[in-house]
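Q: I'd like to learn how to read a structure like this one, feature by feature. Can we put it up and walk through it?

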Amino acid sequence: MIDLENFNENFKYYGNDVVVQIIDMFVEDHQEDLKMIEQNIANKDYLSLRFNAHHLKGSIANFMDPETTELTRKLEEMGEKKSADALADTFAELQIATKVLLKELLAHKKNITSRETCFS
């Protein structure tokens, strides 16, 4: 779940158009990131898993969502340790958490853009 107070504090010096662009980039890219991680897990490619989980963690961290950030951190650590223990479960949790994050981001984007149209 997004911590909107911290999110807004983090982006307070950026215009709403920049925030919308960042959200749009995540919306476009996150599915491909998840697919790569899923392939890494299936192929037991721990080096790539570590890299791809780290990349996704960086994207998600922008949105102040501690749960989803923590799940990507766990996957990154599993890749580093070459640990398959609970790997599938952690990935399944990440998929669910990412869907929730996506819904929250789209709602926030709608809120931002609807406020702009009210003042135009």
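A: Sure, let's start with a single residue: K44 sits in the loop between α2 and α3. Keep in mind that this is a predicted model.

Q: What is unusual about the phi of K44?
A: Look at the sign of the angle. For K44, phi is positive, about 55°, although the residue is not a glycine. Another such case is K82, in the loop between α4 and α5, where phi is near 55° and again the residue is something other than glycine.

Q: Are K44 and K82 buried or exposed?
A: Here you compare relative accessibility with a cut-off, and exposed means over 50%. K44 counts as exposed because its value is 58%, and K82 does so because its value is 60%.

Q: Which category does K35 fall into?
A: Between the buried and exposed cut-offs there is a partly exposed class. K35, in helix α2, belongs there because its relative accessibility is 46%. You can also relate K35 to K82: they are 47 residues apart along the chain, and their C-alpha atoms are separated by 19 Å.

Q: Let me zoom out. How many helices and strands does the protein have?
A: Counting elements gives you the fold in outline. There are 5 helices and 0 strands, so the order from the N terminus reads α-α-α-α-α. The C-alpha trace spans about 55 × 20 × 20 Å along its principal axes.

Q: What share of the contacts join residues at least 24 apart?
A: Sequence separation is the thing to check. Taking contacts between residues at least 6 apart in sequence, 66% join residues at least 24 apart.

Q: And what can I read about surface and charge?
A: Start with the totals. The accessible surface is about 7,500 Å², and carbon and sulfur atoms account for 53% of that. Buried residues make up 34% of the 120 residues. As for charge, there are 14 positive and 22 negative charges, and their mean positions are 2 Å apart.

Q: Which residues touch the most other members of the largest nonpolar core?
A: For a core, look at both its members and the elements they come from. This one has 26 residues, and I37 and L75 touch the most other members. The elements giving two or more residues to the core are α2, α3 (46–61), α4 (66–81) and α5 (87–119). Beyond its neighbours within four places in sequence, L75 is in contact with I37, L49, A53, L87, T90, F91 and L94.

Q: Why does T68 count as buried?
A: The same accessibility reading applies. T68, in helix α4, is buried because its relative accessible area is 0%. Its contacts, leaving aside neighbours within four places in sequence, are I60, L94, A97, T98 and L101.

Q: What does the side chain of H30 reach?
A: With a polar side chain, check the partner atom and the distance. The side chain of H30 reaches the backbone oxygen of V27 at 3.2 Å. H30 is in helix α2 (residues 16–42), and it counts as buried because its relative accessibility is 6%. Away from its neighbours within four places in sequence, H30 is in contact with T98 and L102.

Q: One last try: how far apart are A92 and L71 in space?
A: Read sequence and space side by side. A92 and L71 are 21 residues apart in sequence and 9.8 Å apart in space, C-alpha to C-alpha. A92 lies in helix α5 and counts as partly exposed because its relative accessibility is 32%.

Note on methods: Residues are numbered from 1 along each chain as its sequence is written. This is a predicted model: local features need pLDDT of at least 70, side-chain atom pairs count only at pLDDT 80 or more; totals for chains, interfaces and linings use all residues. Side-chain values use heavy atoms; hydrogens and water are left out. Helices (H or I, at least four residues) and strands (E, at least two) are DSSP runs, numbered from the N terminus. Buried means under 20% relative accessible area, exposed over 50%, partly exposed in between (1.4 Å probe, protein chains only). Contact means heavy atoms within 4.5 Å. Accessible areas come from the Shrake-Rupley method with a 1.4 Å probe; for residues, only the protein chains shown count as cover. Lys and Arg count as positive and Asp and Glu as negative; His and the chain ends are not counted. The place of a charge is taken as NZ of Lys, CZ of Arg, CG of Asp or CD of Glu. A polar contact is a pair of N or O atoms within 3.5 Å; within protein, one must be able to donate a hydrogen and the other to accept it, and residues adjacent in sequence count only if both atoms are side-chain atoms. A nonpolar core is a set of buried Ala, Val, Leu, Ile, Met, Phe, Trp, Tyr and Cys residues joined through side-chain atoms within 4.5 Å.
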